[in-house]
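Work through the exercises below with the sequence and the coordinates at hand. Each task is followed by a solution in steps.

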Amino acid sequence: MSLREADRISSAQQTLDILYEMSQLLNTQLDKETLATCVGMIESGVNPEALAAVIQELRREGAAL
């Protein structure tokens with residue numbers, strides 16, 4: 001692994017750590033894996049508001065069960 005690639009991976013991990021801390025402060029109840037999946041989806045072009053709506057609906061349906 002090159003130094004540049006190692007720096008990129010380290011930077012990505014730091015960014016995810018910061019996003020996770022923010023999500024904890026906002027009480028999103030997302031674990032790191034789910035948060036990373038959401039970030040990846042948004043980076044791929046998924047509408048963040050639509051993604052949030054889907055997560056909320058899934059939580060409602062899960063609570064109803």
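**Exercise 1.** In this predicted model, classify S23 as buried, partly exposed or exposed, and list what S23 touches beyond its neighbours in sequence.

Solution.
1. The relative accessible area of S23 is 5%.
2. The cut-off for buried is under 20%, so S23 is buried.
3. S23 belongs to helix α1, which covers residues 3-25.
4. Leaving out residues up to four places away in sequence, S23 touches T28, L30 and L35.

**Exercise 2.** Describe the largest pocket: how much space lies in it, which residues are closest to its centre, and how its lining divides by class.

Solution.
1. The space in the largest pocket comes to about 260 Å³.
2. Its lining has 14 residues, and those closest to the centre are T28, L30, L35, C38 and I42.
3. Three helices contribute to the lining: α1, α2 (32-43) and α3 (48-64) each supply at least two residues.
4. By class, the lining has 12 nonpolar residues, two polar ones and no charged ones.
5. A link to the previous exercise: T28, L30 and L35 are among the residues closest to the pocket centre, and S23 touches these residues.

**Exercise 3.** Characterise the packing of α2 against α3 by angle and axis distance, then give the handedness of the crossing and the residues in contact.

Solution.
1. Two packed helices are described by the angle between their axes and by the distance between those axes.
2. For α2 and α3 the angle is about 145° and the axes are 10 Å apart.
3. The crossing of α2 past α3 is right-handed.
4. On the α2 side, C38, M41 and I42 make the contact; on the α3 side, P48, L51 and I55 do.
5. Sorted by class, this contact has six nonpolar residues, no polar ones and no charged ones.
6. Two of the α2 contact residues, C38 and I42, are also among the residues closest to the centre of the largest pocket.

**Exercise 4.** Examine the backbone of the loop between α1 and α2 at N27 and Q29: what is the sign of phi at N27 and at Q29?

Solution.
1. Most residues other than glycine have a negative phi.
2. N27 has a positive phi, near 55°, and is not glycine.
3. Q29, also a residue other than glycine, has a positive phi near 60°.
4. The relative accessible area is 56% for N27 and 60% for Q29.
5. The cut-off for exposed is over 50%, so N27 is exposed, and Q29 is exposed too.

**Exercise 5.** Assign an exposure class to A52 and A53, and give the C-alpha distances from A52 to L19 and from A53 to E21.

Solution.
1. Helix α3 holds A52 and A53.
2. A52 has 36% relative accessibility and therefore counts as partly exposed.
3. A53, at 42%, is likewise partly exposed.
4. A52 and L19 are 33 residues apart along the chain, and their C-alpha atoms are separated by 15 Å.
5. A53 and E21 are 32 residues apart in sequence, with 21 Å between their C-alpha atoms.

Key
Residues are numbered from 1 along each chain as its sequence is written. This is a predicted model: local features need pLDDT of at least 70, side-chain atom pairs count only at pLDDT 80 or more; totals for chains, interfaces and linings use all residues. Side-chain values use heavy atoms; hydrogens and water are left out. Helices (H or I, at least four residues) and strands (E, at least two) are DSSP runs, numbered from the N terminus. Buried means under 20% relative accessible area, exposed over 50%, partly exposed in between (1.4 Å probe, protein chains only). Contact means heavy atoms within 4.5 Å. On a 1 Å grid over the protein atoms alone, a cavity is a set of points where a 1.4 Å probe fits but cannot get out, and a pocket is an open set with protein on both sides within 12 Å along at least five of seven lines; lining residues have an atom within 4 Å of a point. Grid points are joined across faces, edges and corners, and a volume is the space filled by probe spheres set on the points. Ala, Val, Leu, Ile, Met, Phe, Trp, Tyr, Cys and Pro count as nonpolar, Asp, Glu, Lys and Arg as charged, and the others, Gly among them, as polar. Axes are lines fitted to C-alpha atoms, for helices over the stretch in contact, and angles run from 0 to 180 degrees between N-to-C directions. A crossing is left-handed if the near helix is turned anticlockwise from the far one by less than a right angle, and right-handed if clockwise.
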